[in-house]
Amino acid sequence: MSFYQEMERGDSSVKQGASRMFEENASIEEIAKLLPTFTSQDFAVTHEKGTTINPRLMVIVRQGLSKETPPMPIATVSKSYELVQHHTVLRTACDALDRAGINLNKVSVNLRMTELGEQVSLSFLLPKEEDYLFRLDGDDDHMRLRLRCFNSVDRSLRFMAYLDWFRMVCTNGLMMWSTHLAIRRRHCPYLNVPEIGKLLSTSMKGIVREKNYYSKWLKIPIDEARLREWVDGPLRKHWGVRLAARTLHIARTGYDADFAKPFEPGRPSEKSMKQTRQVPGAWVPAQHVFAVSQVLAWLAKERHDIQDQIELTTQIHDVIQQLLEK
């Protein structure tokens, strides 16, 4: 069964959240064939006296995914809405990578797309070369640079792009520090599509500095008391009680967890937890700052909603900085 047939039937083994997500890992050329195309049309109704057109709204329509499938209305948007095609994001990202001297034949792409195609996440994994690698523990445990782009055609998600370090053993992503700083200076995590090239160029210049930065995190120890104080304070304030409690449980045991007693009062460190699944690549216990950052990256990645993933990922450096300041 093809990718598009799965979309039409709703059959997929990919995790489901608020919106069903379909996932594919393939070459750039193959991903391009999977991205749907959209058009904007009048929001109108036809009746016996003619056609009445809404003066303020228009309809975003997904064109047929194949010769057998008809167009599909996706959403209504204002007349001033600027439709950004997923294909435009893919093409602009590839052009930026090519101008940066990266061999596109060695770039693999991960596509995550909602059931109707209205939201996409495109992740470009850079070649396995030393310039784009950060080694943690030999050849088996390392991180590779990745360019991530997010887009929607229904106003549910503005265009967003950033570079992160993708850890292979656990599929966590840790946003590049230089990218995080650029986002924080903007007071807004979103970009215009043409800015991908500038973002990539600026971030690539800081790779060596970036590796040194994370090397320091690996050497900064974190004891139980310090971790608990941070979880009950700054992390609870930013991420809420549930995520803070899960963070502490993973850092202590290497296993994710959820509330055993949902309405139990108390701070995150006082919550009764029921263990769920093992977190791959977790240090047990987490005894340095980098280990804690990976717990946060895991929790951000596990959010089913793309918008939630982005929001949490862009906050990781700030909450870790508060851990460093304790």
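Angles between axes under 35 degrees count as roughly parallel, over 145 as roughly antiparallel, 65 to 115 as roughly perpendicular and the rest as oblique. Axes are lines fitted to C-alpha atoms, for helices over the stretch in contact, with angles running from 0 to 180 degrees between N-to-C directions. This is a predicted model, in which local features need pLDDT of at least 70 and side-chain atom pairs count only at pLDDT 80 or more, while totals for chains, interfaces and linings use all residues. Residues are numbered from 1 along each chain as its sequence is written, and side-chain values use heavy atoms, with hydrogens and water left out.

**Overall content**

- The protein has 10 helices and 12 strands; helices (H or I, at least four residues) and strands (E, at least two) are DSSP runs numbered from the N terminus.
- Of the 326 residues, 50% are buried (buried means under 20% relative accessible area, exposed over 50%, partly exposed in between, with a 1.4 Å probe and protein chains only).
- Among contacts (heavy atoms within 4.5 Å) with a separation of 6 or more, 61% are between residues 24 or more positions apart.

**Helix 8 and helix 10**

- Two packed helices are described by the angle between their axes and the distance between the axes.
- Helix 8 (residues 289-301) and helix 10 (residues 316-325) have axes that come within 10 Å and cross at roughly 150°, and the two helices are therefore roughly antiparallel.
- The crossing of helix 8 with helix 10 is right-handed (a crossing is left-handed if the near helix is turned anticlockwise from the far one by less than a right angle, and right-handed if clockwise).
- On the helix 8 side the contact involves Val289, Val292, Ser293, Leu296, Ala297 and Ala300, and on the helix 10 side Ile316, Val319, Ile320, Leu323 and Leu324.
- The contact of helix 8 with helix 10 has 10 nonpolar residues, one polar and no charged (Ala, Val, Leu, Ile, Met, Phe, Trp, Tyr, Cys and Pro count as nonpolar, Asp, Glu, Lys and Arg as charged, and the others, Gly among them, as polar).
- Val289, in helix 8, is buried, with a relative accessible area of 0%.
- Beyond its neighbours within four places in sequence, Val289 is in contact with Trp217, Ile220, Ile222, Ile320 and Leu324.
- The C-alpha atoms of Val289 and Leu324 are 7.9 Å apart, with the two positions 35 residues apart along the chain counted as their separation.

**Other helix pairs**

- Helix 6 (residues 207-219) and helix 10 have axes that come within 13 Å and cross at roughly 45°; they are therefore oblique to each other, and the crossing is left-handed.
- Tyr213, Tyr214 and Trp217 of helix 6 meet His317, Ile320, Gln321 and Leu324 of helix 10, a contact with five nonpolar, two polar and no charged residues.
- The axes of helix 7 (residues 224-253) and helix 8 come within 10 Å and cross at roughly 90°, so these helices are roughly perpendicular.
- Helix 7 contributes Leu227, Trp230, Leu235, Trp239, Leu243, Arg246, Thr247, Ile250 and Ala251 to this contact, and helix 8 contributes Val292, Val295, Leu296, Trp298 and Leu299.
- The contact of helix 7 with helix 8 divides into 12 nonpolar residues, one polar and one charged.

**Nonpolar core and strand 6**

- In soluble globular proteins, nonpolar side chains tend to be buried together.
- The largest nonpolar core (a set of buried Ala, Val, Leu, Ile, Met, Phe, Trp, Tyr and Cys residues joined through side-chain atoms within 4.5 Å) has 71 residues, and Phe124 and Cys149 have the most contacts inside it.
- Not counting residues up to four places away in sequence, Phe124 touches residues including Leu90, Leu97, Val109, Leu145 and Cys149.
- Ser121 lies in strand 6 (residues 119-125) and is buried, at 1% relative accessibility.
- The C-alpha atoms of Ser121 and Cys149, 28 residues apart along the chain, are separated by 5.8 Å.
- Outside its neighbours within four places in sequence, Ser121 is in contact with Asn110, Leu111, Arg112, Arg148, Cys149, Phe150 and Ile306.

**Backbone exceptions**

- Most residues other than glycine have a negative phi, and most peptide bonds are trans.
- Val284 and Pro285 are joined by a cis peptide bond with omega of about -10°, and Pro285 is in the loop between strand 12 (273-278) and helix 8.
- Arg155 has a positive phi, near 75°, in the loop between strand 8 (141-152) and strand 9 (160-167), and is exposed, with a relative accessible area of 52%.
- Thr171 has a positive phi, near 55°, in the loop between strand 9 and strand 10 (172-175), and is partly exposed at 37%.
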